[in-house]
Every structure is written in C-alpha cells, then in structure tokens.
Amino acid sequence: MQLEQRARSFAIAAHARVEHVCRYTGEPYIVHPARVVELLRSVQHTECMRAAVWLQDTIRDTGVKPETLERLFGAEVAEMVVMISDVSHPEDGNRAQRKAIDRAHLARATAPAKTVKLAQLIDLACTVFMHDRAFTPVFVREKAAWLEVLEGGDPLLWRQLRDLTPAMHPEMADKDADWRRNCPFARRSPLRRYDVAVGHGVREGSSNQDTAAAG
C-alpha cells in the first residue's frame with residue numbers, strides 16, 4: 001500500500017476510534033483532511049505532504065505519538081505533522097495567548113509544512129464563514145496573523161487565504177450548503193465521492209494493525 005493510502009487508512013481509523021466528528025456538521029472528522037488534500041493537489045506538492053495532511057490532527061485529537069508516526073510513515077512525514085500541530089495548552093492562557101504560541105511554533109516550519117497549513121486554514125476558513133457568524137470576526141483577525149508567519153509556503157495558497165472573506169459565502173450559516181459551491185478554491189469536492197474516497201477507508205482502516213498499535 002502506498003504512503004498516502006496508508007496514512008489515510010490510519011487517520012480514518014484513529015479518528016473513528018475516538019468518535020471524532022466535525023464540529024458544525026457532525027460528519028466524520030476525516031472529511032476535513034479529505035478536502036485539504038484536494039486543495040493541496042492544486043499546487044506543487046509531494047506524497048509526504050499529502051500523507052501529512054491525512055495525519056494532521058492525529059497527535060492533538062487522537063493521542064497518537066510522534067514517534068509512532070515516524071515509525072509507520074517516516075521521519076519527514078512525522079516532522080511535518082509535528083510542525084503543523086498546535087502546541088499550546090489550555091493552561092497557557094486565553095485564546096489569543098495560545099494562538100500566539102502556536103504561530104511562533106509554526107513560524108519555524110519548513111516551506112512544505114507551511115503549504116500544508118495554508119491548505120488546512122483555507123478549508124477551515126470556508127467552514128467557519130459558512131457555519132459560525134459569531135466566530136467569523138475572530139477568525140478573520142486570526143487569519144491575518146497566520147498569514148504573517150506562513151510566508152514561505154505556496155504563494156498561490158497564501159494569496160487565496162489572504163483574499164478569502166465571508167463575503168464570498170452568500171449562504172454562510174446554512175448547514176445544508178454544499179461546501180464545494182461556496183468555497184472557490186477546491187477544484188473538486190471529495191464530499192461528493194465520500195463513499196469511494198473515505199467510506200471505503202473506514203472499513204479498511206478499522207482493522208488496520210498499525211492504528212491499533214498506536215492506541
């Protein structure tokens with residue numbers, strides 16, 4: 001099995017094991033990295049970057065250890081996942097203080113890791129702008145701060161994140177809206193291929209020995 005396929009199966013099983021779902025829609029959480037992978041495919045990237053996208057939240061949200069990722073997927077992928085993972089903790093202060101810690105961590109990341117983070121934030125921005133009017137002003141301010149530390153990532157994605165505004169989402173807060181229709185930066189919608197691209201992976205990953213070993 002190729003690196004990206006292994007990373008996808010591992011991530012699907014890891015998130016399913018802790019019943020991790022998308023905050024606004026209740027969908028399996030894996031649809032978020034599925035969309036980010038599609039964004040990443042629109043720019044120059046590597047298979048290691050795609051693998052890191054699938055694994056992006058396994059450390060923070062599923063308890064997988066960095067050393068486990070390194071053993072299963074190699075040092076390059078593991079290091080990239082660590083670079084894009086938040087490192088702040090609730091005891092570090094309020095949201096602004098925690099996000100400042102996370103940005104300082106990301107500022108030291110490599111260009112490929114910053115490219116992955118840009119794609120991740122574009123998808124997150126689309127989701128917030130569609131579903132959370134109250135939080136949108138906060139996110140817009142945070143987006144500007146993220147852009148300052150993400151120079152060095154892919155310039156196309158950097159400009160897309162910079163230019164992405166709530167005004168691009170006339171159906172914002174409509175939870176039944178099609179993400180692909182509202183976000184102009186995804187060339188294809190993995191949600192329309194969910195059963196093939198993700199659903200099969202859930203069944204495949206549910207018995208994945210590598211994922212079980214990380215629990």
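This is a tour of a predicted model, taken one selection at a time.

**The whole chain**

Begin with everything shown as cartoon. The protein has 13 helices and 0 strands, and its order along the sequence is α-α-α-α-α-α-α-α-α-α-α-α-α. Colour by burial next: 53% of the 215 residues count as buried. Then turn to contacts between residues at least 6 apart in sequence; among these, 69% join residues at least 24 apart.

**Helices α1 and α3**

Select α1, residues 3-17, together with α3, residues 47-54. Two packed helices are described by the angle between their axes and the distance between the axes. For α1 and α3, the axes come within 8 Å and cross at roughly 5°. With angles under 35 degrees counting as roughly parallel, α1 is therefore roughly parallel to α3.

Which residues make the contact? Show side chains for L3, E4, A7, R8 and A11 on α1, and for E47, C48, R50, A51 and W54 on α3. Sorted by class, the contact of α1 with α3 has 6 nonpolar residues, no polar ones and 4 charged ones.

**Helices α2 and α3**

Keep α3 and swap α1 for α2, residues 31-40. The axes of α2 and α3 also come within 8 Å, but the crossing angle is roughly 155°. Angles over 145 degrees count as roughly antiparallel, so α2 and α3 are roughly antiparallel to each other. Looked at for handedness, α2 passes α3 in a right-handed crossing.

On the α2 side, the contact is made by P33, A34, V36, V37 and L40; on the α3 side, by M49, R50, V53 and W54. These residues of α2 and α3 divide into 8 nonpolar, no polar and 1 charged.

R50 and W54 are worth keeping selected for a moment. Both are listed in the contact of α3 with α1, and both are listed in the contact of α3 with α2.

**R35**

Stay on α2 and pick R35, which lies in this helix. Is R35 buried or exposed? R35 has a relative accessible area of 6%, under the 20% limit, so R35 is buried. For a distance across the chain, draw a line from the C-alpha of R35 to that of L124: the two residues are 89 apart in sequence and 9.9 Å apart in space.

**V116**

Now move along the chain to α8, residues 111-131, and select V116. The relative accessibility of V116 is 0%, so V116 counts as buried. Beyond its neighbours within four places in sequence, V116 is in contact with V36, L40, M49, V53, M80 and I84. Four of these names have come up before: V36 and L40 from α2, and M49 and V53 from α3, are listed in the contact between those helices. Measure one more C-alpha separation here, from V116 to H45: these residues are 71 apart along the chain and 8.9 Å apart in space.

**F73**

Select α5, residues 66-73, and go to F73. F73 is buried, with a relative accessible area of 8%. What does F73 touch, leaving aside its neighbours within four places in sequence? The partners are L3, R6, A7, F10 and L55. Of these, L3 and A7 appeared earlier in the contact of α1 with α3. L55 is 18 residues from F73 in sequence, and their C-alpha atoms are 9.9 Å apart.

**H15 and E19**

Return to α1 and select H15. With 2% relative accessibility, H15 counts as buried. Setting aside neighbours within four places in sequence, show the residues in contact with H15: H20, Y29, I30, D57, T58, D61 and T62.

From there, step to E19 in the loop between α1 and α2. E19 is exposed, at 67% relative accessible area. Check its backbone too: E19 has a positive phi of about 55°, although it is not a glycine.

**Cysteines**

End with C22 and C48. C22 counts as buried at 10% relative accessibility. C48, seen earlier in the contact of α1 with α3, is also buried, with a relative accessible area of 18%. How many disulfides are there to display? With a cut-off of 2.5 Å between cysteine sulfur atoms, the count comes to 0 disulfides.

Definitions and conventions
Residues numbered from 1 in each chain as written. Predicted model: local features only at pLDDT ≥ 70, side-chain atom pairs only at ≥ 80, totals over all residues. Heavy atoms only, no water. Buried < 20%, exposed > 50% of the residue type's maximum accessible area, 1.4 Å probe, protein only. Axes fitted to C-alpha atoms, helices over the stretch in contact; angles between N-to-C directions. Helix = DSSP H or I, 4+ residues; strand = E, 2+ residues; numbered from the N terminus. Parallel < 35°, antiparallel > 145°, perpendicular 65-115°, else oblique. Left-handed = near helix turned anticlockwise from the far one by under 90°. Contact = heavy atoms within 4.5 Å. Nonpolar A, V, L, I, M, F, W, Y, C, P; charged D, E, K, R; others polar.
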